[in-house]
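Biologist: I have a structure open and I am not sure how to read it. Could we go through it feature by feature?

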Amino acid sequence: MTNSLEATADDHNLIGNKKVDKATYKINNQLISKTSSYDNSTHVINWTVTVNASKLPIKEPKFIDAIPRPEIEKYIAGSFKVVKQGSDEGIADEAALDQEKLADKTKPTLSYDFSDQLKEGKISDTYVITYKTVDFNKDYMYCNGSIHFDNTARIEGKAVLDATETDFGKEVTQIQEVRIEAVTKEVSFKGTRVRWRVTVNKDGVRLHNAVIRDCFKDLAGDQQFDASDIKLVMGNRLA
């Protein structure tokens, strides 16, 4: 919003004008936002959605968040929670979700209608919704690269700032990058020696009959392979 002021004065028939610089006030109407984090040790993605940060009145509000690729990502049962911003006390859990939509095998959806939070038929507070998913399909995990999990959250309802009611729907997409490193390799130099360090299964994926091969057949120049310096360390990386 931008506004300007112009003042006029009449002193001894001398009219002077003075114009004040424009003043601008930015209004950030944020109806929905979403963040995420990834736990490499458990392969769990933590999703956090903030609803109605602007504290606008919303009639018939509904939160909708679908799992777009259930073949590689699934909702963790019991992880859904709704709190009013500024409070740690949960006001809704998984039991408040539409169970039929949650059980949909092709497009499991978290759908919550805020019916237990309505005051005079609407909400006007800010709510924080959290839930967890896990990337369970290991066929996608055996790689050296990144997997992107994109989830879209939506808030819809009726805007009631004036005497009229207007349907609206706003959504936000959060992309969580999961980097998988089945094997990595590093090199360091000390004097005339070249030291190679290979890290296998940094992400803790279950491997069966795992074999690592590292070829030193075509060493450049006068390099020679020193088999006496091979070390295998489990758990902690070699210092």
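Biologist: How many helices and strands does the chain have?

Modeller: Keep in mind that this is a predicted model. The chain has one helix and 15 strands. The helix, helix 1, covers residues 99-102.

Biologist: What share of the residues counts as buried?

Modeller: A residue counts as buried when its relative accessible area is under 20% and as exposed when it is over 50%. Of the 239 residues in this chain, 28% are buried. For the outside, the chain exposes about 16,700 Å², and carbon and sulfur atoms supply 49% of that area.

Biologist: How do I tell what share of the contacts joins residues at least 24 apart in sequence?

Modeller: Start from contacts between residues at least 6 apart in sequence; in this chain, 63% of them join residues at least 24 apart. Val178 serves as a case to look at, and its place is strand 13.

Biologist: Is Val178 buried or exposed?

Modeller: Val178 has a relative accessibility of 0%, so it counts as buried.

Biologist: Which residues is Val178 in contact with, leaving aside its neighbours within four places in sequence?

Modeller: The list is Tyr38, Asp135, Gly145, Ser146, Ile147 and Phe149. Take Phe149 from that list: Phe149 and Val178 are 29 residues apart along the chain, and their C-alpha atoms are separated by 7.6 Å.

Biologist: Now charges. How many salt bridges does a search of the whole structure find?

Modeller: The general idea is that side chains of opposite charge can pair when their charged atoms come close. For a salt bridge, the nitrogen of Lys or Arg must lie within 4 Å of a carboxyl oxygen of Asp or Glu. The search finds seven salt bridges.

Biologist: Which side chain does Glu165 meet in a salt bridge?

Modeller: Glu165 pairs with Lys59, at 2.8 Å from N to O. This pair links distant parts of the chain, 106 residues apart: Glu165 sits in the loop between strand 12 (144-159) and strand 13 (166-181), while Lys59 belongs to strand 5 (residues 58-66). Glu165 is partly exposed at 44% relative accessibility, and Lys59 is partly exposed at 27%.

Biologist: Where do Glu171 and Arg154 lie?

Modeller: Begin with the pairing itself: the side chains of Glu171 and Arg154 form a salt bridge of 3.5 Å, N to O. Glu171 is in strand 13 and Arg154 in strand 12, so the salt bridge ties together parts that are 17 residues apart in sequence. Glu171 is exposed, with a relative accessible area of 52%, whereas Arg154 is partly exposed at 27%. Salt bridges also link Arg154, Glu156 and Glu171 in a network.

Biologist: What does Lys122 form with Glu120?

Modeller: Lys122 and Glu120 form a salt bridge, with 3.7 Å between the closest N and O atoms. Lys122 is partly exposed at 26% relative accessibility; Glu120 is exposed at 77%.

Biologist: Which residues gather in a patch of negative charge on the surface?

Modeller: To read such a patch, look for like charges joined within 9 Å on residues that make no salt bridge. Here the patch is formed by Asp98, Glu100, Asp104, Asp113 and Asp116. Of these, Glu100 is located in helix 1, and Glu100 is exposed, with a relative accessible area of 70%.

Biologist: Which residues make the nonpolar surface patch?

Modeller: Val183, Val198, Val200 and Ile212 make a nonpolar patch of about 300 Å² on the surface. Val183 is part of strand 14 (residues 183-190) and counts as partly exposed, at 36% relative accessibility.

Biologist: Last, the backbone. Which phi does Glu60 have?

Modeller: Glu60 has a positive phi of about 50 degrees, although it is not a glycine. The place of Glu60 is strand 5. Phe114 is another case: its phi is positive, about 60 degrees, and Phe114 is not a glycine either. Phe114 lies in the loop between strand 9 (109-112) and strand 10 (122-123).

Biologist: Is Phe114 buried or exposed?

Modeller: Phe114 has 0% relative accessibility, so it counts as buried.

Technical notes: Residues are numbered from 1 along each chain as its sequence is written. This is a predicted model: local features need pLDDT of at least 70, side-chain atom pairs count only at pLDDT 80 or more; totals for chains, interfaces and linings use all residues. Side-chain values use heavy atoms; hydrogens and water are left out. Patches are made of residues with over 30% relative accessible area and no salt bridge: like charges are joined within 9 Å, nonpolar side chains (Val, Leu, Ile, Met, Phe, Trp, Tyr) within 5 Å. Accessible areas come from the Shrake-Rupley method with a 1.4 Å probe; for residues, only the protein chains shown count as cover. Lys and Arg count as positive and Asp and Glu as negative; His and the chain ends are not counted. The place of a charge is taken as NZ of Lys, CZ of Arg, CG of Asp or CD of Glu. Helices (H or I, at least four residues) and strands (E, at least two) are DSSP runs, numbered from the N terminus. Buried means under 20% relative accessible area, exposed over 50%, partly exposed in between (1.4 Å probe, protein chains only). Contact means heavy atoms within 4.5 Å.
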